[in-house]
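Colleague: I have the file open and would like to go through the fold with you. Shall we take it piece by piece?

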Amino acid sequence: MEMDKSTFEVLSMVANWIAAIANVTLFILGYRTLRRDRQRILKIESAERQKYAEDMFVWIEKRTASNVEVFCKNGSASAMYDVRVLLVDQQGTKVSDVYQIDLMKPTEERSFEMSYAGSPECSAVVQFRDVRGSMWVRNETGSLVELSDEDPRYIAEGRRPKSIGD
């Protein structure tokens, strides 16, 4: 059976379209796979960075009319640097001076008194640098937030970063 020229051209054009559609489909599937893998890698990297910081805590033990006893604990196996503790009210507004600790050794716990002005319903916030040099804040809700290099002065300026995922 012999094909005439016009039938061959039509079949050739159909084959070209099928190949083009297959190429576009493979490109889209490859892009989605690469994107999914990139998100998985970013999630793993974030968890790896967070493991150094997740065991740093601060809490309030005793309250008086204008003072609180604050406990700060480095429960990690690594030292923490440039530790700053601050009291904030329910709106996240700074209500105390900053208490600074240059170095907290692994598993070290400290207690200290801090004065505050304003609402007795204040919370403690801690900012610190981990052994890898990343800056972190455990905010008034207990969420651990990594600060970017452009935003290293959360405590000093009383700004409130959003939690990861907010």
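Colleague: How many bridges join strand 7 to strand 8?
Modeller: This is a predicted model, so what follows describes a prediction. Strand 7 covers residues 135-138 and runs antiparallel to strand 8. One facing pair is R138 and L144, the latter in strand 8. The number of bridges joining the two strands is four.

Colleague: Which residue in the turn between strand 7 and strand 8 has a positive phi?
Modeller: The two strands form a hairpin, with five residues between them. In that turn a phi of about 95° occurs, and the residue is G142.

Colleague: In what order do the strands of the five-stranded sheet lie?
Modeller: The sheet is open and its pairing is antiparallel. Strand 4 (99-104) and strand 8 (144-147) each have a single partner strand, so they stand at the edges and one side of each is left without a neighbour in the sheet. On average, neighbouring strands here are turned by 20° against each other, direction ignored. The order is 4-3-6-7-8.

Colleague: Which residue of strand 4 stands opposite V85?
Modeller: Strand 3, residues 80-88, pairs with strand 4 in the antiparallel sense, over five bridges. The residue of strand 4 that stands opposite V85 is Y99.

Colleague: Is D82 buried, partly exposed or exposed?
Modeller: D82 lies in strand 3. Its phi is near 50°, a positive value in a residue other than glycine. Most residues other than glycine have a negative phi. With a relative accessibility of 27%, D82 is above the 20% limit for buried and below the 50% limit for exposed, so the class for D82 is partly exposed.

Colleague: What is the strand order in the three-stranded sheet?
Modeller: This sheet is open too, with antiparallel pairing. Strand 1 (56-63) and strand 5 have a single partner strand each, so both stand at the edges, with one side left without a neighbour in the sheet. The average turn between neighbouring strands of this sheet is 25°, direction ignored. The order is 1-2-5.

Colleague: Which residue of strand 5 stands opposite C72?
Modeller: Strand 2 and strand 5 are paired in the antiparallel sense, over seven bridges. C72 is buried because its relative accessibility is 0%. The residue in strand 5 that stands opposite C72 is R110.

Colleague: How many disulfides does the structure hold?
Modeller: Take two cysteines, C72 and C122. C72 is buried at 0% relative accessibility, and C122 is buried with a relative accessible area of 3%. A disulfide would need a pair of cysteine sulfur atoms within 2.5 Å. The number of disulfides is zero.

Colleague: Which backbone atom lies 3.0 Å from a polar side-chain atom of N74?
Modeller: N74 is in strand 2, residues 67-74. N74 counts as buried because its relative accessibility is 0%. Residues touching N74 from more than four places away in sequence include D55, M56, M80, M104 and T107. The atom at 3.0 Å from the side chain of N74 is the backbone nitrogen of S76.

Colleague: Is T107 buried or exposed?
Modeller: T107 sits in the loop between strand 4 and strand 5 (109-115). Although T107 is not a glycine, its phi is positive, at about 60°. Leaving out residues up to four places away in sequence, T107 touches N74, G75 and S76. With a relative accessible area of 57%, T107 is over the 50% limit, so the class for T107 is exposed.

Colleague: What distance separates the C-alpha atoms of T107 and S78?
Modeller: Along the chain, T107 and S78 are 29 residues apart. The distance between their C-alpha atoms is 8.2 Å.

Colleague: What share of the contacts with a separation of 6 or more comes from residues 24 or more positions apart?
Modeller: The protein has two helices and eight strands, and the elements run α-β-β-β-β-β-β-β-β-α from the N terminus on. Of its 166 residues, 31% are buried. The share of those contacts is 55%.

Colleague: What part of the accessible surface belongs to carbon and sulfur atoms?
Modeller: The accessible surface of the protein comes to about 11,000 Å². The part belonging to carbon and sulfur atoms is 53%.

How values were computed. Residues are numbered from 1 along each chain as its sequence is written. This is a predicted model: local features need pLDDT of at least 70, side-chain atom pairs count only at pLDDT 80 or more; totals for chains, interfaces and linings use all residues. Side-chain values use heavy atoms; hydrogens and water are left out. Buried means under 20% relative accessible area, exposed over 50%, partly exposed in between (1.4 Å probe, protein chains only). Contact means heavy atoms within 4.5 Å. Accessible areas come from the Shrake-Rupley method with a 1.4 Å probe; for residues, only the protein chains shown count as cover. A polar contact is a pair of N or O atoms within 3.5 Å; within protein, one must be able to donate a hydrogen and the other to accept it, and residues adjacent in sequence count only if both atoms are side-chain atoms. Two strands pair if DSSP finds at least two bridges between them. Axes are lines fitted to C-alpha atoms, for helices over the stretch in contact, and angles run from 0 to 180 degrees between N-to-C directions.
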